[in-house]
Amino acid sequence: RGVRLTPLDALTEFNCMRLASRISALRQKGEPIQDRWIQTPSGKRVKEYWIIPKEMTMFNDRVSAYGGL
């Protein structure tokens with residue numbers, strides 16, 4: 001897995017207030033972005049995003065084409 005990013009990370013590190021919108025645009029361009037819900041120490045639920053390295057994605061596609069491992 002790649003580096004993980006939450007909306008708070010995007011705001012503090014990149015001054016980006018619309019991470020979900022940026023993620024959507026990247027997904028439309030074909031980027032293999034994964035996400036999951038996480039709970040912060042304060043109890044809030046937020047999405048966490050990461051990009052799967054393209055090499056791993058290509059490997060998984062080849063394995064799936066042959067019916068799995």
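Start by selecting valine 46, which is found in strand S2; strands here are DSSP E runs of at least two residues, helices are H or I runs of at least four, and both are numbered from the N terminus. Before clicking on, note that this is a predicted model, in which local features need pLDDT of at least 70 and side-chain atom pairs count only at pLDDT 80 or more, while totals for chains, interfaces and linings use all residues. Residues are numbered from 1 along each chain as its sequence is written, and side-chain values use heavy atoms, with hydrogens and water left out.

**Stop 1: around valine 46**

Valine 46 counts as partly exposed, at 23% relative accessibility. The cut-offs are under 20% relative accessible area for buried, over 50% for exposed and in between for partly exposed, with a 1.4 Å probe and protein chains only. Now show what surrounds valine 46: leaving aside neighbours within four places in sequence, valine 46 is in contact with Thr6, Pro7, Arg36, Trp37, Ile38 and Thr40. Contact means heavy atoms within 4.5 Å. Draw a distance from the C-alpha of valine 46 to that of proline 7 and you should get 7.5 Å, for two residues 39 apart along the chain.

**Stop 2: threonine 6**

Hop over to threonine 6, in the segment before H1. Is threonine 6 buried or exposed? At 12% relative accessibility, threonine 6 counts as buried. Not counting residues up to four places away in sequence, threonine 6 touches Leu19, Ile38, Val46, Lys47 and Glu48. Keep those last two on screen, as they come up next.

**Stop 3: the charged pairs**

Side chains of opposite charge can pair when their charged atoms come close. The salt-bridge rule here asks for a side-chain nitrogen of Lys or Arg within 4 Å of a carboxyl oxygen of Asp or Glu. How many salt bridges does that rule give? The count comes to four.

Pick glutamate 48 and arginine 4: they form a salt bridge, with 2.8 Å between the closest N and O atoms. Glutamate 48 lies in strand S2 (residues 45-51) and arginine 4 in the segment before helix H1 (7-14), so this pair ties together parts that are 44 residues apart in sequence. Glutamate 48 counts as buried at 9% relative accessibility, whereas arginine 4 is partly exposed, with a relative accessible area of 25%.

Stay on glutamate 48 and add arginine 36, which forms a salt bridge with glutamate 48, again with the closest N and O atoms 2.8 Å apart. Arginine 36 lies in strand S1 and glutamate 48 in strand S2, so the pair ties together parts that are twelve residues apart in sequence. Arginine 36 counts as partly exposed, at 40% relative accessibility. Select Arg4, Arg36 and Glu48 together and you have a network of salt bridges.

Next, select lysine 47 and aspartate 35, another salt bridge, with the closest N and O atoms 2.9 Å apart. Lysine 47 is in strand S2 and aspartate 35 in strand S1 (residues 33-39), so parts twelve residues apart in sequence are tied together by this pair. Lysine 47 is partly exposed, with a relative accessible area of 21%, and aspartate 35 counts as partly exposed at 25%.

**Stop 4: arginine 4 and a ring**

Go back to arginine 4 and bring up tryptophan 50. Arginine 4 lies over the face of tryptophan 50, at 4.0 Å from the ring centre. For that label, NZ of Lys or CZ of Arg has to be within 6 Å of the ring centre and within 35 degrees of the ring normal.

**Stop 5: asparagine 15**

Slide along to asparagine 15, found in the loop between H1 and helix H2 (19-28). Asparagine 15 counts as exposed at 64% relative accessibility. What is the phi of asparagine 15 near? Phi of asparagine 15 is near 55°, a positive value in a residue other than glycine. Most residues other than glycine have a negative phi.

**Last stop: zoom out**

With the whole protein chain in view, you can trace three helices and two strands. From the N terminus on, these elements run α-α-β-β-α. Of the 69 residues in the protein chain, 17% count as buried. Among contacts in the protein chain with a separation of 6 or more, 32% come from residues 24 or more positions apart.
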